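Student: I should like to go through this structure with you. Could we start with the helices and then turn to the nucleic acid?

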There are 2 protein chains.
Amino acid sequence: MEHMAPDELRIDRPPQTLRVIALDRLRAAIIAGRFPGGTRLVERTLCDQLGVSRSVVREVIRVLETEGLVETLPNRGPVVARLDWAQARQVYEIRRQLEGNAAEACAQRADAPVDAALAEALASIRDGGEDRVFAATTRFYEVIFTAAGHHIAWEIVQRLNGRISRLRALTLAAQDRAVPGPERMARIAAAIAARDGAAARRAVEEHLTEAAMLAQRALEGE
Amino acid sequence: MEHMAPDELRIDRPPQTLRVIALDRLRAAIIAGRFPGGTRLVERTLCDQLGVSRSVVREVIRVLETEGLVETLPNRGPVVARLDWAQARQVYEIRRQLEGNAAEACAQRADAPVDAALAEALASIRDGGEDRVFAATTRFYEVIFTAAGHHIAWEIVQRLNGRISRLRALTLAAQDRAVPGPERMARIAAAIAARDGAAARRAVEEHLTEAAMLAQRALEGE
DNA sequence: GTCTGTCCGATGGTATACCAACATACCATC
DNA sequence: GATGGTATGTTGGTATACCATCGGACAGAC
């Protein structure tokens, strides 16, 4: 028996529970801007749109609420959270600290597989189109945080990214940057490959400082 | 009408929803160590213990799940999250960054009312007994983060503190510190009162470095 | 005795129905 | 036009039912 590949036989039933699917769908919809800030999330309407029962919708909304994407007003119900520059600024500042620190730690512990994973993500960012860039960018940072061993910081950054997701889409698509986005990423990867922690931190901080500027312009233009 | 104090007439019904009460109770119970790590949280049992219906319990568990205090195993149900040093170490590192940064910003923007609020919290820490210390310490940091304008960072720190709450109780109670806890807090407050950002950051970082050491000893002693 | 298959209870996941409290909009009355 | 009542929509909360899964108990076959 032991010379038989168990993976071949494995029946993989989707362990995905209905709630998880509904959560991902709704979160993605909010992040994609399908529900603008301030939109009321009426439970029964969502039941129809998602095709699930009210219990599922309610639990999903509780999760999004603690994630900060939704806030519930007393006697009014859940509403898609609005985003202003005061908040976004704080988010970028926190990301700057956590990502800078992770990049430095990553540079100190990185090995060949890490370099390869970063290069791969970078390639996807370069020639991938539209939303591929979004996923590849996320992957790029995931590699950095994981290699640094900063799993909890990565959780936090992901949650923060959910909040400013609309801005992120805008800044990633911006064409008028002083230095193109992929170029900045490449610098980060290069610093890590050179095992130069200080340079990696600097590269990340520069990247985020610029992203914050772009976000500010976009937000105040609204 | 307008010369009548509306506050006098106001009937303040507790806007607290049942779910919020249940959430606070259960979270407090976990933090207090009433449910040790690994304990199964059986829905129907919690219904009896809390006196609410299963829907409420489920939504509460979803919140605690995204807060990181509870994790749900597939086909097994929710379980109180365990805490190991690898995680706690990351938490203390993140707190060091966020709290250090907040203290520095606070020192640069503080005014007389902030100094007074910090002094008040400090007094409570000094002569308050047992769990008063816990609340007063929280208050102390809340003042710092709020004065710094770092509201989102404060949210994050609070959530992180939930995760390491047991450790926090231990380290706050530790008597064998090189420098007593209140003394360290006083140094932070003094640096802020002197508007010395760098010193405030340093004081916070020292405080947390020591707390992390105490936590490590406590955790590995288990 | 050990292995195998089956059954049952406990549990979580999902869905539905129902009621109460509250807020808003609308409408009739004066 | 202002007042008051009413209708409606929405959330909060509860109860209940059904299904899938898991683990253990039990009985039968080797």
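Student: At what angle do helix α5 of chain A and helix α8 of chain B pack?

Tutor: The model is a predicted one. In it, helix α5 (residues 85-109) of chain A packs on helix α8 (residues 151-163) of chain B at about 55 degrees, and their axes are 8 Å apart. An angle of that value falls in neither the parallel, the antiparallel nor the perpendicular class, and α5(A) and α8(B) are therefore oblique to each other.

Student: Which residues make that contact?

Tutor: From α5(A) they are Gln87(A), Gln90(A), Val91(A) and Ile94(A). Helix α8(B) supplies His151(B), Ile152(B), Ala153(B) and Ile156(B).

Student: And how do the residues of the contact of α5(A) with α8(B) divide by class?

Tutor: There are 5 nonpolar and 3 polar residues, with no charged ones.

Student: Now a pair within one chain. How do α6 and α10 of chain A pack?

Tutor: Helix α6 (residues 112-127) of chain A and helix α10 (residues 181-193) of chain A have axes 10 Å apart, at an angle of about 170 degrees. Angles over 145 degrees count as roughly antiparallel, so α6(A) is roughly antiparallel to α10(A).

Student: Which residues make the contact there?

Tutor: On α6(A), the contact is made by Asp115(A), Leu118(A), Leu122(A), Ile125(A) and Arg126(A). On α10(A), the residues are Pro182(A), Met185(A), Ala186(A), Ala189(A), Ile192(A) and Ala193(A). By class, the contact of α6(A) with α10(A) has 9 nonpolar and 2 charged residues, and no polar ones.

Student: Let us change topic. What turn and shift lay chain B on chain A?

Tutor: A turn of 180 degrees with a shift of 0.0 Å along the axis does it, with an RMSD of 0.1 Å. The two copies are thus related as by a two-fold rotation axis.

Student: Which C-alpha of chain B is nearest the axis?

Tutor: That of Glu59(B), which is 2.5 Å from the axis. Both copies use the same surface, since 100% of the contact residues of chain B recur in chain A.

Student: On to the DNA. Which residues are closest to strand C?

Tutor: DNA strand C is surrounded by 21 residues, and the closest are Thr17(A), Leu18(A), Ser53(A), Arg76(A) and Arg54(B). By class, the residues of this surface divide into 5 nonpolar, 5 polar and 11 charged.

Student: What share of the strand C atoms within 4 Å of the protein belongs to sugar or phosphate?

Tutor: The share is 70%, and the rest belong to bases. A side-chain N or O atom of Thr17(A) is 2.6 Å from a phosphate oxygen of DNA strand C. A polar backbone atom of Leu18(A) is 2.4 Å from a phosphate oxygen of that strand. On the base side, a polar side-chain atom of Ser55(A) lies 3.5 Å from a base nitrogen of DNA strand C.

Student: Which elements give two or more residues to the surface near strand C?

Tutor: They are α2 (18-31) and α4 (54-67) of chain A, together with α3 (43-50) and α4 (54-67) of chain B.

Student: And strand D, which residues come nearest?

Tutor: Val42(A), Arg44(A), Thr17(B), Leu18(B) and Ser55(B) come nearest, out of the 21 residues around DNA strand D. Of the strand D atoms within 4 Å of the protein, 72% belong to sugar or phosphate and the rest to bases.

Student: Which atom of strand D is 3.1 Å from the side chain of Arg54(A)?

Tutor: It is a base nitrogen, and the partner in Arg54(A) is a side-chain N or O atom. Elsewhere, a phosphate oxygen of DNA strand D lies 3.3 Å from a backbone N or O atom of Ser53(B). The elements that give two or more residues to the surface near DNA strand D are α3 (43-50) and α4 of chain A, with α2 (18-31) and α4 of chain B.

Methods: Residues are numbered from 1 along each chain as its sequence is written. Chains are lettered from A and ligands numbered from 1 in the order in which they are written. This is a predicted model: local features need pLDDT of at least 70, side-chain atom pairs count only at pLDDT 80 or more; totals for chains, interfaces and linings use all residues. Side-chain values use heavy atoms; hydrogens and water are left out. Axes are lines fitted to C-alpha atoms, for helices over the stretch in contact, and angles run from 0 to 180 degrees between N-to-C directions. Helices (H or I, at least four residues) and strands (E, at least two) are DSSP runs, numbered from the N terminus. Angles under 35 degrees count as roughly parallel, over 145 as roughly antiparallel, 65 to 115 as roughly perpendicular and the rest as oblique. Contact means heavy atoms within 4.5 Å. Ala, Val, Leu, Ile, Met, Phe, Trp, Tyr, Cys and Pro count as nonpolar, Asp, Glu, Lys and Arg as charged, and the others, Gly among them, as polar. Copies are superposed by least squares on the C-alpha atoms of residues with pLDDT of at least 70 in both. A residue is near a molecule or strand if one of its heavy atoms lies within 4 Å of it. A polar contact is a pair of N or O atoms within 3.5 Å; within protein, one must be able to donate a hydrogen and the other to accept it, and residues adjacent in sequence count only if both atoms are side-chain atoms.
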